[in-house]
Structures are given as structure tokens and as C-alpha cells.
Amino acid sequence: MRILLVEDDAMIGDAVRTSLRHEGYAVEWVRDGRAAEAALATEHFDLTLLDLGLPGKDGIDVLQDVRRRRQALPVIVITARDGVGEKIKGLDAGADDYVVKPFDMDELLARIRSAIRRSSGNAEPAIEVMGVRLNPATREVTRDSQPVLLSAREYAVVEALMLRPGVILSRAQLAERMYAWGEEVESNTVEVHIHGARRKLGSDFIQNVRGVGYFVPKPGSKT
Ligand code: CA
């Protein structure tokens, strides 16, 4: 397993690299956004640990580029303490998980194992509804065979609905799927992400039952 560590703080970077190597991971450590960009564009990694506050190029921009290229690379974001806004930005930009500085090394290692497990094993088959195809293992979504880039939140909504086509999920049930880490949920946030997903997947793809919730049609059903 090969990990790209992107961290400009020398002490943290050195400590993380030492721990990861101790656990048997191959680690490449770069200290700025440009070097991260170059490494990710040319080499294979099984996971990236990405600090957001970086010289050269912001971590969020690095992450967005990874997702724009549709790399199914697990990315764990490293945020500063109190960086709630950063954390949300990171997840929205397509991070799989995050740790907050100062983090516990054992927790980081557990999150790495979990992210790699999710990306490689437990492969569920792809689901297709109305020309939209979703692969839960790789988190890739296509519409009429064209790749669609969803934010992490949009993806969570679409996945929740597509796993149960024809079943109406309430706003609260969808919020649960979108906010797996005990975050505060703002009142209209589910609608915002549904709007975003509809814009990308078609306005009739996610249907609303007023006052009840949302669903996607069953494959083959006429709606
Ligand atoms: Ca930093």
C-alpha cells in the first residue's frame, strides 16, 4: 500500500511518515500543493493524506483536481483545530474522511485502514436507474455513460435513494446519510444538495412527494 502524505508542517509530517512506515506502508511525503499535484498526476497511490493549508496550492484545490480527474483515490483530509468550515469544504470537495489536528496516530491509522477497505473490498454491484449508474465500491456515477462529478453530500443523497429505488426517504433520513460524523445540519441543507444532484443528473431523476420525502423511480417503472 502506497500513501501520499501532503503536509507542510515538518514535525507532523515526520511523525506521520514514521508511524506509517512502521505500519508497513510505503510513504511519499511532499510539503506543498504543487508537488502533490505533480505526484498525483503521474504516480499511483492507494490513499492520500492531505493537509488543507498548504503553500503553493491549496489542499481543497488539489482535492478538486483529483475528483475532476475522477480518480477513485481515497483521500483523508487533515484540518486544523476549529476548522469546521474547512472540514465541510473538504468533504464537499470529495474527501472520504478527515482528522483534526492534533490527531491521535492510532485513530489516523484506523481511518486509513477503513478508507482502504472501503475502496478495495466490500464491492457492491453497480445500480442503474433511468440512465444513471452508480458504483458504490468506486463511488463513480455516470449518466448515459458520461461521468458525473457529484460532491460528497450529493453522492450520499443519490446513493441512499438509488440503493432503495421506489422507496420514499424523508429529509431526516437523508440528512442522516449525509452527515455521518455528528455534524450540525442546517435546515435547508438536504434540499440544497438534492438541487445540486438534480442539476447534474436530470430534474426528474429525484422526485419529491410533498411533505413526505424523496425517491428515485424503480428501474423500468413509468413515472
Ligand atoms: Ca499546513
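Modeller: Before we start, a polar contact is a pair of N or O atoms within 3.5 Å. Keep in mind that this is a predicted model.

Colleague: Okay, at the start of α2, which residue's backbone nitrogen does a side-chain oxygen of Asp32 reach?

Modeller: Look at the start of α2, where Asp32 offers a side-chain oxygen. That oxygen comes to within 2.9 Å of a backbone nitrogen, and the cut-off for a polar contact is 3.5 Å. The nitrogen belongs to Arg34.

Colleague: Within what arc do the buried residues of α2 fall, seen down its axis?

Modeller: Helix α2 covers residues 33-42, and its buried residues are Gly33, Ala36, Ala39 and Leu40. Seen down the axis, they line one face of the helix, because they fall within an arc of 125°.

Colleague: And which exposed residues does the face turned away from the buried side of α2 carry?

Modeller: Start with what covers the buried residues of α2: that includes β1 (2-6), β2 (26-30), β3 (47-51) and α3 (59-68). Now flip to the face turned away from the buried side; the exposed residues there are Ala41 and Thr42.

Colleague: Is Asp97 buried or exposed?

Modeller: Asp97 sits in strand β5, residues 97-100. Its relative accessible area is 5%, and the cut-off is under 20%. So Asp97 is buried.

Colleague: Which side chain does the side chain of Asp97 make a polar contact with?

Modeller: Asp97 is that buried residue with 5% relative accessible area. Its side chain has a polar contact at 2.9 Å, and the partner is the side chain of Arg111.

Colleague: Last one: over the face of which residue does Arg31 lie?

Modeller: Searching the whole structure turns up 0 aromatic pairs. Arg31, though, lies at 3.9 Å from a ring centre, and the ring's residue is Trp29.

Conventions:
Residues are numbered from 1 along each chain as its sequence is written. This is a predicted model: local features need pLDDT of at least 70, side-chain atom pairs count only at pLDDT 80 or more; totals for chains, interfaces and linings use all residues. Side-chain values use heavy atoms; hydrogens and water are left out. Buried means under 20% relative accessible area, exposed over 50%, partly exposed in between (1.4 Å probe, protein chains only). Helices (H or I, at least four residues) and strands (E, at least two) are DSSP runs, numbered from the N terminus. The arc is that of the directions from the helix axis to the C-beta atoms. Contact means heavy atoms within 4.5 Å. A polar contact is a pair of N or O atoms within 3.5 Å; within protein, one must be able to donate a hydrogen and the other to accept it, and residues adjacent in sequence count only if both atoms are side-chain atoms. Rings of Phe, Tyr and Trp (its six-membered ring) pair if their centres lie within 6.5 Å; planes under 30 degrees apart count as stacked, over 60 as edge-to-face and the rest as tilted. A charge sits over a ring if NZ of Lys or CZ of Arg is within 6 Å of the ring centre and within 35 degrees of the ring normal.
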